[in-house]
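Reader: Please give me a close look at one part of this model: any enclosed space, and what lines it. Put it in context as you go.

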Amino acid sequence: MGMSSAPPHILLADDDPNSRAIFSEFFERLGWRYNVLGESNQVMAALASSGYDVVIADVTMPGMDAMQFLDQVRLQSPAQAVIAVSDNASVENTLAFFRKGATDVMARPVDFSWLEHIVTDVVNVLRHDQSERKLYRYVTSERTEMSLSCRELAELNCFSLPIIERLQECGLLDEPCALRLKLAIQEAVMNGFEHGNLELLSAWKEEIQDDGRDKFSIVRRQRLDDPLYGERRVRVVSWFHEGVLEITVSDDGAGFLSRDGETIVGSACPNDLTCSGRGLALMSSAVDIMRYARRGAEVTLIKQLMKHEDS
Amino acid sequence: MEFPTEIIGEKGYIKVTGDLDTETAGEALRSAFNEIYDKGKRTIVLDLSGAQIINSYGIGKVLMCYKRLKAENGVLMVKPLQGFVKETFELLMLDKILPTDK
């Protein structure tokens, strides 16, 4: 059975001394690197700091809630391969383990030749994925450009950039990070659309009319019907290169800053309830750098997805 | 889109059953809020457990509810938050002004 490059690195989570001895002998016979831990909290700490190819977990360890354990692993290390070993591998239990994200499930007594087969397969897939990620980083330089009028944007339920999905599929963006980025891009596009192009003031959201509607919504609809505003465009340019994602959103408005080149690094945390601060805080919290040009009519969001030392 | 409402004693409850990130969802929140507000209730509780996502638009609508109540010495509360919505509330420090209804 072929194994690409280095031997697998295994974390065995098992508290039974006899079982640990049998697994250890098996790992040593095959020349695999391994570590053995007996408590779920030790396992979680080890996963946070060390790169294991596969976790082989006795999910019937005393004091361990198997489902909670799998949930924790999924939350902390979404891509971690976990083989669940159970005394009770009923169809119902096995399905439940798979649904919680287990890569495979094995019943005791363990069939070690089958375990070798599974781990080899998992590691081969993993190594292949990693080489693809490197390839993506070094070879791919992707630039896309989109341009939409305000009327077209108003018809969209939500604006999204396909590159975010692709980077997520490649494992360069985890789900929470991708969600924050998607929302940051939506905020930037909506800013360009509503504030830049339609010239709507945030303060109007606070001005409630007699019918309970806010002035912002009313004027927004009026201006969308006016070609002077409605045909103005928002352009979104995304550029992924050398592990850095850069997204520039620009509009046809006059901008809102008093001068060019204002840069916000990190998270802008508004300490009041003003409308304008909220969108900016949501945007800047999702990226490493947020930079304005053309007096605010153009904003660039920069997020480093892979560092050079990762190579 | 409509968000169900309920009145229990002196409190009105709004169950947000979808993401608060569009004009439609914002309108649904405004409409549900008005329904309870017009019945004279000045303590209103938002249950955001059905929302995975909230953006500045949704936050704006929540704050609009907060300000209308505050103007009449009322209170806008939230059910315990979780996930992305909780993170966003903390980021924008909304957790400091909207008490939790436990």
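Author: Start with one term: a contact means heavy atoms within 4.5 Å. The model is a predicted one.

Take chain B first. Among its contacts between residues at least 6 apart in sequence, 69% join residues at least 24 apart. Chain B has three helices and four strands. From the N terminus, their order is β-β-α-β-α-β-α. Of its 102 residues, 55% are buried. Chain B exposes about 4,600 Å², and carbon and sulfur atoms supply 47% of that area.

Now chain A. It holds eleven helices and eleven strands. It has 311 residues, and 45% of them count as buried. For contacts between residues at least 6 apart in sequence, the share joining residues at least 24 apart is 67% in chain A. The exposed area of chain A is about 15,500 Å², with 50% from carbon and sulfur atoms.

With both chains in view, go to the enclosed space. The structure holds one cavity of 30 Å³ or more. The largest cavity contains about 100 Å³ of space. Both chains line it. From chain A come A:K205, A:E206, A:D214, A:F216, A:S217 and A:R278. From chain B come B:S56, B:Y57, B:G60, B:K61 and B:M64. Two elements give two or more residues each: helix 9 of chain A and helix 2 of chain B. Helix 2 of chain B makes the largest contribution, five residues. By type, the lining of the largest cavity has three nonpolar, three polar and five charged residues.

Look at one lining residue, A:E206. It sits in the loop between helix 8 and helix 9 of chain A. Its relative accessibility is 32%, so A:E206 counts as partly exposed. The cut-offs are simple: under 20% is buried, over 50% is exposed, and partly exposed lies in between. A:E206 and A:F216 are ten residues apart along the chain, and their C-alpha atoms are 8.2 Å apart. Both residues line the largest cavity.

The same loop, between helix 8 and helix 9 of chain A, also holds A:E199. A:E199 is not a glycine, yet its phi is positive, at about 55°. A relative accessible area of 36% makes A:E199 partly exposed.

Next, an open space. The second largest pocket has a volume of about 1,000 Å³. Its lining runs to 48 residues. Nearest its centre are A:E187, A:M190, A:N191, A:E194 and A:H195. On the chain A side, the elements giving two or more residues are helix 6 (150–155), helix 8 (175–197), helix 9 (215–225), strand 8 (244–251), helix 11 (275–286) and strand 11 (298–304). On the chain B side they are helix 1 (23–37) and helix 2 (56–70). Helix 9 of chain A and helix 2 of chain B thus appear here, as they do in the cavity lining. The largest share of the pocket lining, eleven residues, comes from helix 8 of chain A. The pocket lining divides into 22 nonpolar, 17 polar and nine charged residues.

Strand 11 of chain A leads to another backbone detail. A:R294 lies in the loop between strand 10 (289–293) and strand 11 of chain A. A:R294 has a positive phi of about 45°, although it is not a glycine. With a relative accessible area of 37%, A:R294 is partly exposed.

Two more places in chain A deserve a look. One is helix 7 (residues 162–169), whose buried residues are A:I163, A:I164 and A:L167. Seen down the axis of helix 7, these buried residues fall within an arc of 105°, so they line one face of the helix. An α-helix has 3.6 residues a turn, so residues three or four places apart point the same way. Just after helix 7 of chain A, A:G171 takes a positive phi of about 80°.

The other place is a cis peptide bond. It joins A:R108 and A:P109, with omega about -5°. A:P109 is in the loop between strand 5 (104–107) and helix 5 (112–139) of chain A.

Back to your request. The enclosed space is the cavity of about 100 Å³. Helix 2 of chain B gives the largest share of its lining.

How values were computed: Residues are numbered from 1 along each chain as its sequence is written. Chains are lettered from A and ligands numbered from 1 in the order in which they are written. This is a predicted model: local features need pLDDT of at least 70, side-chain atom pairs count only at pLDDT 80 or more; totals for chains, interfaces and linings use all residues. Side-chain values use heavy atoms; hydrogens and water are left out. Buried means under 20% relative accessible area, exposed over 50%, partly exposed in between (1.4 Å probe, protein chains only). The arc is that of the directions from the helix axis to the C-beta atoms. On a 1 Å grid over the protein atoms alone, a cavity is a set of points where a 1.4 Å probe fits but cannot get out, and a pocket is an open set with protein on both sides within 12 Å along at least five of seven lines; lining residues have an atom within 4 Å of a point. Grid points are joined across faces, edges and corners, and a volume is the space filled by probe spheres set on the points. Ala, Val, Leu, Ile, Met, Phe, Trp, Tyr, Cys and Pro count as nonpolar, Asp, Glu, Lys and Arg as charged, and the others, Gly among them, as polar. Accessible areas come from the Shrake-Rupley method with a 1.4 Å probe; for residues, only the protein chains shown count as cover.
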